[in-house]
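Here is a brief report on one protein chain. Load the structure and follow along by residue number.

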Amino acid sequence: MPATERYSHQLLYATVRQRLLDDIAQGVYRPGQQIPTESELCTLYNVSRITIRKAISDLVNDGVLQRWQGKGTFVQSKKVENALLTVSGFTDFGVSQGKPTREEVIEQERINADPFCERLNIPGGSEIFRLLRVMYLDDEPLFIDSSWIPLSRYPAFDDIYTAGASTYKLFQEKYDTRVVSDKKTIDIFMATKAEAQRLKCELGEPLFRISKIAFDQAGKPVHYSELFCRANRVSLTIDNHRQK
């Protein structure tokens with residue numbers, strides 16, 4: 001390709017990329033909204049499909065757009081900031097974001113607690129309540145929350161719990177237990193088919209997996225949980241203060 005032609009192509013691509021950014025900034029395409037197809041953008045901007053495809057790919061790599069296989073290209077929703085050192089439940093998290101929350105219960109069951117006995121310091125042979133939920137912020141799926149709650153310590157918790165109830169509020173009101181601290185471990189997990197469907201993301205997309213043991217006011221483990229969230233939807237922050 002001659003230098004002049006290559007320069008012209010780069011100029012067109014940069015122009016289209018900037019026009020898309022301007023349209024997103026001005027609210028023409030809002031977070032979570034699908035943008036026009038490549039063919040429609042070719043007509044709209046009067047450029048080739050190659051130019052449109054390069055501009056879109058660049059914005060996908062920058063985290064501005066997101067491709068959903070079989071659905072199209074969408075404007076990336078704004079990231080949610082989650083402070084890792086905050087000890088609170090999802091309801092309180094929603095309040096801190098100023099947005100409504102809801103949950104969808106996928107599974108709830110009593111299972112043998114043996115795999116969690118050492119982690120939660122509970123007797124072998126006891127039962128544990130497993131709760132699997134999808135947590136929504138502003139009606140968008142944000143987290144998959146798997147929790148394991150020892151019934152030897154919180155008897156009949158599975159009978160008391162109802163969908164939408166704050167588990168931390170139930171701990172406090174029914175068992176005089178306040179969650180005051182936790183220990184979190186974070187790693188990267190690739191979305192399986194089930195996670196991709198529940199979080200509306202691509203198969204194999206990177207997810208943060210936040211494993212947590214919560215502790216009460218006496219230092220006893222309250223529950224163990226694993227939280228899965230899309231890495232491009234959540235910013236994890238840590239605030240450190242130097243002790244004097």
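## Strands β8 and β9

Start with one pair of residues. K212 has S225 in β9 as its bridge partner. Their strands, β8 (residues 206-215) and β9 (residues 221-230), run antiparallel and are joined by nine bridges. This is a predicted model.

## The six-stranded sheet

Both strands belong to an open sheet of six strands, ordered β4-β5-β6-β9-β8-β7. The pairing is antiparallel. At the edges lie β4 (101-112) and β7 (181-190), each pairing on one side only. On average, neighbouring strands of this sheet are turned by 15° against each other, direction ignored. In general, strands of a sheet pair through backbone hydrogen bonds, either parallel or antiparallel.

Now take β5. Antiparallel pairing links β4 and β5 over 11 bridges. Here V105 stands opposite R133 in β5. With β6, strand β5 shares 10 bridges, again antiparallel. F129 has I149 in β6 as its bridge partner. The β5 and β6 hairpin has two residues between the strands. In this hairpin D138 takes a positive phi, near 55°.

## Cover over the sheet

How many of the residues of β5 are buried? The count is 10 of 11, so to speak of β5 as mostly covered is fair under a cut-off of under 20% relative accessible area. Helix α7 (residues 167-175) lies across β5 (127-137), β6 (140-150), β8 and β9. Relative to β9, α7 runs at about 170°.

## Two nonpolar cores

The largest nonpolar core holds 16 residues. Within this core L20, L41 and I52 touch the most other members. Three helices each supply at least two of its residues: α1 (3-25), α2 (38-45) and α3 (49-61). Apart from this core lies another, of 15 residues. Among its members are L131, A165, F171 and A214. In soluble globular proteins, nonpolar side chains tend to be buried together.

What does L41 contact, leaving aside its neighbours within four places in sequence? The partners are L20, Y29, I35, P36, N46, I52 and I56.

## Helix α3 in detail

The length of α3 can be checked. At 1.5 Å a residue, its 13 residues should span 18 Å. The end C-alpha atoms of α3 are 18 Å apart, which agrees.

Which residues of α3 are buried? They are T51, I52, A55, I56 and L59. Seen down the axis of α3, these buried residues fall within an arc of 125°, so they line one face of the helix. The spacing has a general basis: an α-helix has 3.6 residues a turn, so residues three or four places apart point the same way. On the other side of α3, I50 and N61 are exposed. After α3 comes G63, with a positive phi near 80°.

## The chain overall

The protein chain has eight helices and 10 strands. Of its 244 residues, 41% count as buried. Consider the contacts in the protein chain with a separation of 6 or more: residues 24 or more positions apart account for 59% of them.

Methods:
Residues are numbered from 1 along each chain as its sequence is written. This is a predicted model: local features need pLDDT of at least 70, side-chain atom pairs count only at pLDDT 80 or more; totals for chains, interfaces and linings use all residues. Side-chain values use heavy atoms; hydrogens and water are left out. A nonpolar core is a set of buried Ala, Val, Leu, Ile, Met, Phe, Trp, Tyr and Cys residues joined through side-chain atoms within 4.5 Å. Buried means under 20% relative accessible area, exposed over 50%, partly exposed in between (1.4 Å probe, protein chains only). Helices (H or I, at least four residues) and strands (E, at least two) are DSSP runs, numbered from the N terminus. Contact means heavy atoms within 4.5 Å. The expected span of a helix is 1.5 Å times one less than its number of residues. The arc is that of the directions from the helix axis to the C-beta atoms. Two strands pair if DSSP finds at least two bridges between them. Axes are lines fitted to C-alpha atoms, for helices over the stretch in contact, and angles run from 0 to 180 degrees between N-to-C directions.
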